[in-house]
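Work through the exercises below with the sequence and the structure in view. Each task is followed by a solution in steps.

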Amino acid sequence: MSAGPVRVGTRRSLLATTQASHVAALVREHLGRDTELVEITTDGDRSQADGTSFTELVGPGAGATGIFVGALREALREGRVDVAVHSLKDLPTEPAEGLVVAAVPPREDPRDVVVARDGLTLGELPAGSRVGTGSPRRAAQLHALGLGLEVVGLRGNIDTRIGTVHSGELDAVVLARAGLARIDRMAEVTEVLDPLQMLPAPGQGALAVECRADDPLATELAGLDDAASRAAVEAERAVLATLEGGCSAPVGALAEVVEGDDPDRPELWVRAVALSTDGGLSVRRSASGDVADATGVGVRLATEMLEDGAAHLDDPAPGDAPPP
Ligand SMILES: NCc1[nH]cc(CCC(=O)O)c1CC(=O)O
């Protein structure tokens, strides 16, 4: 095994480097190895710097996921870094060849939060208020609240997004609590959203510590894994992967490990929602099962959702004119 420091690859944003530093500290603590952060510039980062939008770069619908994750994985495969740290919710559901998520460290609070003007909550904002998010999942759930909010598309890093509220351009933005907590911006949060109103993205608040599957480091990194966090995100991602097979609707999912009747057998509780883009229709289900069967619980839940119509959420309503 190599004697040098464990090279931890990260994107360049403040959130990414903060997350990578956190994992590097865990590596030093649990593995007793030195670490080195290696910043990998992604096409996504470049596009933000030069003003090119994601949609221009990757085409509509492709999203930012691929470009951010791809450059880090390339550095890992080429041996320029030994570990890649990702926000788990940004990882595509399909496995990456030759790589393995060696650890899911203890997860942050997965909920979404609001940063609004004048300390307001969503419910206190007058109808017509402008709320920013770039996430179809958040947009659909905001519409579904029926508060008459105007949802405005929004991109950029956390600082840029919060800045639109301070400048008065928007009345509020919706963000992941975990991101704000990690970069110490929780003081600006005006409401933590109840998952009954806003189910987070599958994997939100969790990190993925990825390495080459054939690297002996994988076994060592497994020591950073938190079993409950791993089970929860496995179930949520199984929901997402199964729904992706049958629909393109925005999806929220949240799994929690709770103590069962038998103290030796914790239970996994999963809730999920798929919505039409405009939030007008939704299929919402919950299920519980054995923590050891996290993927099975998620797949069964999503299969029920597809049977209940999740596959047809964005179909034209009967009587609507067919597309030209
Ligand atoms: N989509 C970007 C992204 N990826 C991970 C986080 C926050 C940290 C996390 O959810 O783990 C964010 C920002 C946000 O959604 O507000």
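**Exercise 1: Placing Ala208**

Ala208 counts as buried because it has 23 C-beta neighbours inside 10 Å. A residue is buried if 20 or more other C-beta atoms lie within 10 Å of its own, exposed if 12 or fewer, and partly exposed in between, with C-beta atoms placed from the backbone. The model is predicted: local features need pLDDT of at least 70, side-chain atom pairs count only at pLDDT 80 or more, and totals for chains, interfaces and linings use all residues. Residues are numbered from 1 along each chain as its sequence is written.

Task: find the element that holds Ala208 and the residues in contact with Ala208.

Step 1. Ala208 lies in strand 10, residues 207-212. Strands (E, at least two residues) and helices (H or I, at least four) are DSSP runs, numbered from the N terminus.

Step 2. Apart from neighbours within four places in sequence, Ala208 is in contact with His86, Leu88, Leu91, Val101 and Val104. Contact requires C-beta atoms, placed from the backbone, within 7 Å.

**Exercise 2: The ligand shell**

Task: list the residues around the ligand, and state which domains give residues to the shell.

Step 1. Ser87, Lys89, Asp90, Leu175, Ala176, Ala178, Gly179, Gln204 and Gly205 surround the ligand. Strand 8 (172-176) and helix 7 (177-182) are the elements that give two or more residues to this shell.

Step 2. Domain 1 (6-104 + 206-225) and domain 2 (112-192) both give residues to the shell, so the ligand lies between them. These bounds come from an automatic or database domain assignment.

**Exercise 3: The core and helix 9**

Task: which residues touch the most other members of the largest nonpolar core, and is helix 9 enclosed or open?

Step 1. The largest nonpolar core has 89 residues, of which Val173, Val209, Ala235, Val239, Val270, Ala272 and Ala274 touch the most other members. Such a core is a set of buried Ala, Val, Leu, Ile, Met, Phe, Trp, Tyr and Cys residues joined through C-beta atoms within 7 Å.

Step 2. Helix 9 (residues 227-244) gives the most to this core, namely eight residues.

Step 3. In helix 9, 14 of the 18 residues are buried, so the helix is largely enclosed by the rest of the structure.

Step 4. Leaving aside neighbours within four places in sequence, Ala272 is in contact with nine residues' worth of partners listed here: Leu199, Val239, Val251, Gly252, Ala253, Arg285, Leu301, Ala302 and Met305.

How values were computed. A residue is near a molecule or strand if its C-beta atom, placed from the backbone, lies within 6 Å of it. Two residues are in contact if their C-beta atoms, placed from the backbone, lie within 7 Å.
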